[in-house]
Amino acid sequence: MSITDIVAIIGMAVFVPLLGLLFMGIARKITARIQNRIGPPFYQQYIDVMKLFSKRSNISHSWVFDIGPIFAVVGMLTTMLFIPMGGFQLLSFDGDLIVIMYLMVISGLGIALGAGASGNPNSGIGVMRALVLMMSYELPFVLILLSVMLYYNTTSLAEIVSKQADMAWAVLALPLSAIVADICLQGQFGEKPFDQPIAPAEVATGPMVEYGGKYLGMLMLWHAIAIIVEGSLFVNLFLGGGIVFDPSTYVGMALNFLVWIGLVFLMFFIALLINAVMPRYRIDQAFAFYWKWPTILAIIALIYVMVVSSW
Amino acid sequence: MSQTKTIDLFFGPQHPGITGNFSVRVTVDGDTVVKAQVIPGFLHRGFEKLMEMRHWIQGPALICRICVPDPDHSETGYATAVERLAGIEVPERGRYIRSLMLEMSRLSAYLFYFGGYAGSIGLYTVGQWGVGDRDYILDLFEELTGARVYHIFNFPGGPRWDTPPGFEDKVDKLMDFLEKRLKEFDKLYFNNRVFIKRARGTAPMTKAYAQKMEVTGPNARATGWAIDVRKDDPYAAYPDLDFDIITQKEGDNYARVIQRRMEFEQSIDLIRQITRKLRKMPRGNVRVTPNPLHWKIPPGEAYGAVESSKGELGYYVVSDGGIGPYRMQARGPSISHGVQVYEEMVVGQRVADVAALMFSLDVCPPDIDR
Amino acid sequence: MSVKKEGSYVSPFRALKQLVKKPHTVQIPKVVKPPAERYRGFHTNNLEVCIGCGNCSRVCPDNAIKMVPFPEYARKEPGSMPLRPQVDYGRCCFCALCVEVCPTGSLQMVRTFTHVDEKKDSFVFIPDSKVVHETPDFVLDTKNLRRK
Amino acid sequence: MVDEKEKIVSEDMGVQVDKKEDIEMRSFGTIKRWATKRSLWMVHYCTGCGGIELAPLMTSRYDMERFGMHPMVTPRQSDLLLITGYVNIKTLKRIIRTYEQMPDPKYVVAFGSCPINGGPYWDSHVTINHLDKYLPVDIYIAGCMPRPQSIVKAFDDLMDMIQEGKADGYLRYKKYYDKYKANQEKIFRKWW
Amino acid sequence: MSEQDFVERMAKFPGSEVKLLRKGQIAMKVPADKGHEAAEYLKKMGFTHLVAIEYVDWIKDNEFELVYNLFSYSSKMRVFLKVRISRDNPEYITFMDLWPVAMTHEREAHEMMGIKFKGNPNLTPFILEDWKEIPPMRKDFDSRKFVKEKYDSIPFVEDEP
């Protein structure tokens with residue numbers, strides 16, 4: 001590994017959370033406008049994180065509780081290593097899509113472990129709900145992943161991106177898959193109607209209930225990175241990874257990068273609009289919802305891809 | 001696994017899923033509630049004791065605080081009871097102004113209610129809109145009474161002052177605005193498929209159960225039981241106003257929310273009727289003013305009730321001939337649907353619906369605690 | 001009746017048009033939103049006109065008004081006392097019953113309502129007529145009030 | 001490691017004030033205080049009737065989120081405890097518990113007449129008359145209810161106090177911890 | 001049925017003193033041992049809605065008065081069924097069998113006035129928390145004195161050492 005790689009990794013680790021926090025700040029502004037109010041400044045999220053890290057006393061329950069948020073943030077950042085960012089990619093190999101799926105679950109487990117160690121019943125219920133929700137949206141999502149992998153005949157995300165640049169964007173080639181993937185994305189983002197794990201009126205923010213101060217700051221960073229990871233996974237799978245301009249020139253690379261940011265934000269923006277006008281399902285309804293239409297549509301999409309690719 | 005472990009969850013007093021400073025201890029088996037215990041008393045101030053040490057006229061200054069989102073009904077209930085005890089007849093214009101205030105207060109309480117239930121199922125936009133729109137009503141209250149929340153306006157004998165010039169027009173304009181706004185609420189909230197899926201069939205209350213447990217107000221009407229203190233024991237200007245009792249059938253969370261939404265429309269209509277009458281009436285005579293410092297009421301007892309936004313809110317007043325009540329007791333609507341009914345209805349519900357049920361029943365904790 | 005039985009997934013999205021509408025927010029404190037004409041704020045008292053009868057003190061439901069001695073207002077007229085009301089805003093509930101019973105009309109309420117302080121003894125003062133009725137920012141200037 | 005002498009440890013709370021934090025505060029103090037004042041999260045707890053005026057303040061009409069303030073669900077995540085009105089002794093017990101769970105620095109704002117001197121409930125058998133006997137209060141607001149404008153003014157003043165480092169309620173609580181605890185114990189017969 | 005009819009029918013109940021207070025409000029006083037019977041009698045007459053159980057302390061007569069506030073939805077009439085019990089040993093029977101919601105009202109009366117209700121299983125602390133004084137709504141409980149002694153005697157926490 002060369003120095004440039006290390007610099008790139010550190011740069012990514014700094015840049016991605018900042019970008020995610022910016023998205024969250026803009027999200028608060030947009031939600032506020034839908035709610036007929038002005039809302040906080042777009043940089044509010046940076047101030048919040050800064051304040052959280054400056055808090056003094058923290059209450060710890062056990063070392064598992066302490067390590068949970070760190071585990072989650074590191075896990076998410078590791079996932080980010082494998083994800084192409086509009087032409088930039090730090091690590092890539094065959095089958096990295098499966099590793100990504102695996103790592104995303106791992107980082108969620110970090111929070112589950114830490115929250116479980118807090119001993120608060122609300123955390124326990126929140127974690128349980130998060131696991132049920134994960135199980136619900138993973139099924140259609142894995143089916144969709146299969147269909148995309150089959151269509152492009154590869155398990156490498158980078159290759160999927162490059163093949164989309166040659167052919168057409170997958171959103172045009174596989175519109176049904178894209179729709180189902182977007183429904184799953186809503187659950188991955190944890191936006192309403194699928195925010196049961198942190199539902200304040202029900203379980204008082206669930207897993208986060210005992211976390212305060214620096215821990216909460218870590219969780220906020222985790223959420224910020226997760227938005228980018230999940231959003232760009234969709235962008236890479238269906239929107240050609242944002243590669244629009246010729247990546248051989250520096251200007252093209254920079255523009256591609258900007259397009260990638262824009263597309264990730266677009267996906268987040270759509271989730272946000274749904275979030276603003278929908279109440280949340282009960283967890284059993286969410287489960288039933290995901291295993292009904294999205295799963296059926298995902299199977300249809302898979303069959304369609306099988307038929308198309310066997311031609 | 002036949003023997004499952006139950007956990008105790010505390011909803012409140014510091015919890016967003018609670019309608020105020022109130023607490024519910026639910027025992028949960030898996031995701032289902034098996035037992036619930038209501039813990040009130042965080043808002044107890046002993047109004048009944050305090051009133052024994054106050055003059056008759058000082059009552060409204062104190063007991064408007066009994067139900068905070070809906071203070072005018074508290075004032076008017078007390079005023080009605082004292083008027084009945086003292087045999088005072090309020091001038092006609094005074095009665096109409098009183099009704100106008102009560103309906104405006106009902107609107108503001110229902111806007112709170114919409115936001116509350118929507119917030120409990122995660123649709124915060126409704127709360128943001130609703131409470132924001134409620135503030136326009138408060139602006140009008142301020143113009144009429146000189147205060148935003150605690151108006152201290154409906155004294156025994158009539159409302160304190162006449163309406164300021166041009167007030168009726170402003171009210172009508174606001175009603176137009178609220179009607180327009182209600183259409184937007186319909187689109188966002190009442191016709192929202194996810195809301196309907198969440199609310200319909202959850203925690204249904206039958207008419208027989210409502211009758212057995214003395215449930216009053218919109219909760220009872222949502223079960224199809226046509227009761228309304230405005231009709232049954234008329235006060236203020238309601239005998240002269242034209243309205244019907246609205247009912248729903250199912251008595252579940254959905255029916256309770258829709259019941260309020262329908263009554264919201266009805267209140268707008270009532271306010272329009274009142275302003276039309278107020279414009280025709282001669283101004284000036286609104287209040288029969290007894291001497292505030294030496295007002296004595298002959299011994300006796302009386303009960304005055306109003307249909308507040310939560311149900312029957314009544315005051316039992318006893319006089320021994322002194323300058324203040326010998327005893328005053330309030331009957332808050334939540335004492336029936338907030339304690340026993342809630343404890344029984346929440347059993348068998350999901351954890352997710354503990355808060356939703358509380359918001360849909362519109363439990364007002366200060367009613368219980370007083 | 002515009003409430004439909006089944007509802008829809010699409011109709012809530014019509015709420016998104018608020019995104020391009022003007023927010024309803026009144027940007028206090030940047031924008032001054034004056035209180036209504038009848039607003040009941042802090043007290044003002046014309047100490048020359050006040051006769052110190054103590055009606056306000058007696059009618060107050062909260063025992064917020066205390067009559068304090070003012071020897072310079074000792075007059076020979078019948079009914080006039082060398083006392084003036086002192087209001088404790090740690091008790092006052094702004095019901096204006098004291099204004100209602102004032103026989104001379106010297107005790108009034110102004111529209112200023114803001115008083116924020118870290119010391120709680122600053123909430124007790126003797127209202128006098130120096131309080132301007134409409135101060136531009138509607139904030140009560142505690143320095144104009146006499147502390148006791 | 002921090003020298004034992006530099007610590008002021010208060011009993012059974014595990015709260016520590018040490019010199020290291022003072023040095024930290026001196027070097028990054030301005031930025032930290034700025035961040036704290038611009039992102040005050042309050043506990044979602046309506047202890048009294050004043051909670052009703054918080055609702056317009058938090059929602060579309062007055063929108064407190066402009067200042068970065070919004071309600072937080074648990075005390076562990078909050079910086080600001082609002083005592084909205086009268087304090088019943090049953091509530092006071094919960095308020096103290098909530099306050100002690102909040103991480104430093106934390107601030108208390110008392111709304112309306114009641115926490116100052118009892119308000120309309122000055123002779124009630126269950127409400128305390130002076131909040132500052134049991135908890136340190138950073139700022140008081142007059143009014144019954146305080147209008148949203150007054151509340152915003154109070155938050156503005158509190159922000160200024162934080163920037164100047166004058167909002168030291170939580171430090172006073174540690175300094176006079178024994179006295180506060182003694183006062184609290186006089187009210188409650190047993191804690192739980 | 002007119003109000004007068006109601007008054008007459010109620011007067012038929014043995015030992016009752018009936019008084020028409022005003023339009024729609026009737027007071028009916030019965031001896032303590034007949035209270036439950038009278039309530040059943042009234043419930044059969046259509047007074048099915050128990051609004052509240054009010055409790056008044058008549059300290060001069062050394063008696064507590066329990067007022068069962070009943071309402072009839074069919075005839076829109078209200079009756080105050082009054083029962084007086086001794087102040088020295090305040091005990092009465094529960095009305096839970098007639099109106100289940102009486103449990104909450106009785107629980108409150110037990111806490112605020114110290115009246116025991118035989119047959120009510122749930123007379124646990126309701127609103128107050130570890131209250132050791134005499135029940136607060138009694139007339140001989142002086143809340144101003146109590147406040148002075150309990151809350152006002154607590155010293156301020158001074159800033160100066």
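**Exercise 1. Find what share of the contacts in chain B, between residues at least 6 apart in sequence, join residues at least 24 apart. Then describe the build of the chain.**

Step 1. Take the contacts in chain B between residues at least 6 apart in sequence: 71% of them join residues at least 24 apart. Keep in mind that this is a predicted model.

Step 2. List the elements. Chain B holds 14 helices and eight strands.

Step 3. Check the radius of gyration. For chain B it is 21 Å, close to the 21 Å that the globule rule gives for 370 residues, so chain B is as compact as a globular protein of that length.

Step 4. Add the extents. The C-alpha trace of chain B spans about 75 × 45 × 35 Å along its principal axes.

Step 5. Look at burial. In chain B, 68% of the 370 residues count as buried.

**Exercise 2. Put chain E through the same steps. What radius of gyration does chain E have, and what would a compact globule of 161 residues have?**

Step 1. Start with the contacts between residues at least 6 apart in sequence. In chain E, 48% of these join residues at least 24 apart.

Step 2. List the elements. Chain E has four helices and seven strands. Read from the N terminus, their order is α-β-β-α-β-β-β-β-α-β-α.

Step 3. Check the radius of gyration. Chain E has 19 Å, but a compact globule of 161 residues would have a value near 15 Å.

Step 4. Add the extents. Along its principal axes, the C-alpha trace of chain E spans about 75 × 35 × 30 Å.

Step 5. Look at burial. Of the 161 residues in chain E, 39% are buried.

**Exercise 3. Trace the five-stranded sheet of chain E. In what order do the strands lie, and which stand at the edges?**

Step 1. Write down the order. The strands of this open sheet lie as β1-β2-β5-β4-β3 in chain E, with mixed pairing.

Step 2. Find the edges. These are β1 (17-22) and β3 (49-58) of chain E. Each has a single partner strand, so one side of each is left without a neighbour in the sheet.

Step 3. Note the turn. On average, neighbouring strands of this sheet are turned by 20° against each other, direction ignored.

Step 4. Take one pair inside the sheet. Strands β4 (residues 63-72) and β5 (residues 77-86) of chain E run antiparallel and are joined by 10 bridges. In this pair, E:Glu63 stands opposite E:Ser86 in β5(E).

Step 5. Add the helix. Helix α2 (residues 35-44) of chain E packs on the sheet and touches β2 (25-30), β4 and β5 of chain E. The direction of α2 makes about 175° with that of β5(E).

**Exercise 4. Locate E:Leu81 in the largest nonpolar core. Which residues is E:Leu81 in contact with, leaving aside its neighbours within four places in sequence?**

Step 1. Size the core. The largest nonpolar core has 355 residues.

Step 2. Pick out the residues with the most contacts inside this core. Among them are A:Val148, B:Val354, D:Val109 and E:Leu81.

Step 3. Find the largest contributor. Helix α10 (residues 213-238) of chain A gives the core 18 residues, its largest share.

Step 4. Zoom in on E:Leu81. Leaving aside its neighbours within four places in sequence, E:Leu81 is in contact with E:Met28, E:Val30, E:Ala38, E:Ala39, E:Leu42, E:Tyr68 and E:Leu70.

Step 5. Set this beside a general tendency. In soluble globular proteins, nonpolar side chains tend to be buried together.

**Exercise 5. Map the contacts between chains. Which pair of chains in contact shares the most contacts?**

Step 1. Name the pair. Eight pairs of chains are in contact, and chains C and D share the most contacts.

Step 2. Count residues. Here 28 residues of chain D are in contact with 24 residues of chain C.

Step 3. Find the elements. On the side of chain D that touches chain C, those giving two or more residues are α4 (114-117), β9 (139-141) and α5 (148-164) of chain D. The largest share, eight residues, comes from α5(D).

Step 4. Sort by class. This side of chain D has 12 nonpolar, eight polar and eight charged residues.

Step 5. Look for strand pairing. Strand β5 (residues 116-117) of chain C and β9(D) run antiparallel, joined by two bridges. C:Asp117 stands opposite D:Tyr140 in β9(D).

Step 6. Check pairs without contact. No contact joins chain A and chain E, and their closest C-alpha atoms lie 23 Å apart. No contact joins chain C and chain E either; their closest C-alpha atoms lie 12 Å apart.

Note on methods: Residues are numbered from 1 along each chain as its sequence is written. Chains are lettered from A and ligands numbered from 1 in the order in which they are written. This is a predicted model: local features need pLDDT of at least 70, side-chain atom pairs count only at pLDDT 80 or more; totals for chains, interfaces and linings use all residues. Two residues are in contact if their C-beta atoms, placed from the backbone, lie within 7 Å. Ala, Val, Leu, Ile, Met, Phe, Trp, Tyr, Cys and Pro count as nonpolar, Asp, Glu, Lys and Arg as charged, and the others, Gly among them, as polar. Two strands pair if DSSP finds at least two bridges between them. The radius of gyration is taken over C-alpha atoms; the globule rule is 2.2 Å times the number of residues to the power 0.38. A residue is buried if 20 or more other C-beta atoms lie within 10 Å of its own, exposed if 12 or fewer, and partly exposed in between; C-beta atoms are placed from the backbone. Axes are lines fitted to C-alpha atoms, for helices over the stretch in contact, and angles run from 0 to 180 degrees between N-to-C directions. A nonpolar core is a set of buried Ala, Val, Leu, Ile, Met, Phe, Trp, Tyr and Cys residues joined through C-beta atoms within 7 Å.
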